[in-house]
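Follow the chain through its paired strands and then through two loop residues. The backbone comes before the side chains here.

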Amino acid sequence: MEAASDHAATRPVETIVVGVDPGSQRTGFGAIAVDRGRCRLLEMGVVAPPAQLPLERRLQAIHEELAAILARIQPSALAVEDVFHAANTRTALVLSHVRGV
């Protein structure tokens, strides 16, 4: 029978988590590696398509850039910030579109 400590030694201990703060003008992201309770920043940045693009083109640009980032980082988990306050209904709808990307 295999000892518990032998099995634990073969498991990967690092977990990579990406967090996304969606926005139609600027979508922020950050990636951390968590290893045995210690966190290390891997990468952070902002996806900012040109503001003059129509919403559907901005959504496409956000999708393409986030997809490339996720393919590069290959996270174990992804967290997307929820809409907690919106100035008006239109803003809430736009943020919902971006969250769906």
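Arginine 36 is exposed, at 71% relative accessible area; exposed means over 50%, buried under 20% and partly exposed in between, with a 1.4 Å probe and protein chains only. This residue is found in the loop between strand 2 and strand 3. Its phi is positive, near 55°, and the residue is not a glycine.

The model is predicted, so local features need pLDDT of at least 70 and side-chain atom pairs count only at pLDDT 80 or more, while totals for chains, interfaces and linings use all residues. Residues are numbered from 1 along each chain as its sequence is written, and side-chain values use heavy atoms, with hydrogens and water left out.

Helices (H or I, at least four residues) and strands (E, at least two) are DSSP runs numbered from the N terminus, and two strands pair if DSSP finds at least two bridges between them. Strand 1 (residues 14–21) runs antiparallel to strand 2 (residues 27–35), and eight bridges join them. Across this pairing, valine 18 has alanine 31 of strand 2 as its bridge partner. The connection from strand 1 to strand 2 is a hairpin through five residues.

Strand 2 also pairs with strand 3 (residues 38–47), in the antiparallel sense and over nine bridges. Here threonine 27 has valine 47 of strand 3 as its bridge partner. The hairpin of these strands has two residues between them, and arginine 36 takes its positive phi there.

Further along, glutamine 74 lies in the loop between helix 2 (55–73) and strand 4 (77–80). Glutamine 74 is not a glycine, although its phi is positive, about 50°. Its relative accessibility is 59%, and it therefore counts as exposed.
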